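Work through the exercises below with the sequence and the model side by side. Each task is followed by a solution that goes step by step.

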Amino acid sequence: MPAPITPPPAEPTTADTSVPAPDGPPAEPEPHDAIATAPEQSSPPPERNPNDVATSGTTEARQDGAAPETTADETTRETIADRTAQEPAAADGTGHSPPTPSTPEPVATAADADATAAALPQQAQAQAEDTEPTPAGTEHDAEHAGSAEHTNGEDEGDAQDPRTPEVGAHDGAEPAADAEPPPSVDPEQALAAVGWELDPLTLRERAPDPAHLRVIRDGLTGKLDTTLDNRSRARLLSLRAVASRILGDLDDALGDARLAVTYAEATGEFRRTALARARLAEALRWRGDHAEADRLFAEANSPELPDRLRALLHEHAGRCCFDQGRLTEACLHFERALDLRHGEDAQLNARVEVALDAVATRAAADGFGPAPRRPEEVLGTPRPPMPTFDEEQELWGYADADGEMVIAHRYAEAQPFHEGLAWVRRPEASRWALIDPSGAALIEANNGYRAVVPFSDGLSWVSMDGKSRWMAVDRMNIVKIPPGYEEARPFRNGLAAVRQNGGWGAVDLTGEVVVPTRYHRLGTPLADGREVDGFTADGLAVVELAGRRGVVDRTGRVVVPPAYPTVVVHPVAFLVAAESGRWGALDRRGEPLIDPVHPGRTAVVAEIDRLLADASPVL
């Protein structure tokens, strides 16, 4: 791998000459133009004391700098997964913890939210994942002060440019004895700050300065050479794939993107994997491999992701449909992206407007193309037969997608197909049998199962007496988890909620108890109004003990102690209700995020969105 290359600073810029004040929050990363082409000074700067240089530089950066317009999600905060793992993270960009007030104040206005967001740590590793909103200056900032994936010192070492002129050299002043060379821009922050241009004909991004993008890519390569953990390699590889794709090196982009997905999946972290798949999908889209790209966009886009990330995935899926001439389907994706952001994302609105103009131009010449596809078609999975009821015979059968009967009406009861399998019961039998889509029996009724649960994760819960002693079997009727549970829910993300001796807990696919059966309830309400039986894709579940609710993770670790009347899992936080009926929020470590002062959870969700107002990952 080549060593990282940093751009020679032809002209000192705000981004590469300012030295942050020791105790202040770091400045927002500069936009691309500020990094690459700072304007020349028309006249010498006023003389000043060398000891004033650092403070002055910091002030200039704060006055002139602006957060990136399109990609700041990947430059401002730690990832949820990193925070959940409780790996230390740099709190203020200097290696020192910020001051710690006793109680974080609630954010009441958009202006206050902006100020809070500006005070959040500048974490380069947050470029890969949706971020967790965090109030500035809380006690847990100091407790988690190191980097989750690399230290701040390592970042500076990776990006240091030995050719950077000494501070103060340009005005003839002698440098201060204790002055340090200004830190260079981290390549991840630099990538997030690039002002991408969207080609109105192809709907592909263009870099305004390809040479600068190559420098950024070399910087990412340098960081990869010293990175070993799966989280960081997944992030860096997928970001390097973005840079290579836009530079036109599609083979390199595809190789990096595929490897990034492998590393991301090894972490087991939901958002990290979703983003890695989306970046791979974009590399495939640019190569013309649209079927696989469509599938990856569909797999990545889950209701359990934050709405801003889901909107971005729909936007890019729409561009992929545009490439294929599926213009009606593209419009549906663009519409869904706008709906998810409620029309309040000005940058998304502008990009979608460009996309819709391109759709209108092409539709005028070639039409809108084929009808939109069903999800099963996009995912490449056949649509299973659906149960249908014959009122005359009062029996169930199964019909295909076109309504044609594929399994005759002969069952008194019939469950929907799951994982290509369905449990059915004939009128003359009291036990259930298992069939495949052709109607062939894989498990006969004479095995004696009076109660069954649909297959999930390759296993099904069955009971011989229909009331208790539940056990899990596979499709060949091999017992994988022995009987012993009073109640069991379908497996979800490798875990299943079970009840034993009156208490709820959870087991994994091997039958190992990962959450002790000590809780009075285990079920997870989500912020969008749904409730899941068991664990979210992030491996979190809401539990209840003595009428109070909390959160456990997939290892059984208590993330939020059962102390709240109500807990709702939000994609980046936990919404909690106080005894007063007011709502607030905790971050994904269970620490206070928003005080319980809001009349309903809708207002809390809106406040979280304001805390993440600049979040938009690089795809």
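**Exercise 1.** Find the residue just after helix 11 that takes a positive phi, and then describe the helix itself.

Solution. Gly 248, just after helix 11, has a positive phi of about 90 degrees; helices (H or I, at least four residues) and strands (E, at least two) are DSSP runs, numbered from the N terminus. The model is predicted, so local features need pLDDT of at least 70 and side-chain atom pairs count only at pLDDT 80 or more, while totals for chains, interfaces and linings use all residues. Residues are numbered from 1 along each chain as its sequence is written, and side-chain values use heavy atoms, with hydrogens and water left out.

Next, take the helix: its 17 residues, 230–246, reach 24 Å from the first C-alpha to the last, close to the 24 Å expected at 1.5 Å a residue, where the expected span is 1.5 Å times one less than the number of residues. Finally, 16 of the 17 residues of helix 11 are buried, so the rest of the structure largely encloses this helix; buried means under 20% relative accessible area (1.4 Å probe, protein chains only).

**Exercise 2.** Which strands stand at the edges of the open sheet with the order 14-15-16-17?

Solution. Begin with the sheet, which has four strands and antiparallel pairing. Strand 14 (487–488) and strand 17 (513–519) are at the edges, and each has a single partner strand, so one side of each lacks a neighbour in the sheet. Then follow strand 14 to strand 15 (residues 495–500), to which two bridges join it in an antiparallel run; strands pair if DSSP finds at least two bridges between them. Glu 487 has Arg 499 in strand 15 as its bridge partner.

Technical notes. Buried < 20%, exposed > 50% of the residue type's maximum accessible area, 1.4 Å probe, protein only.
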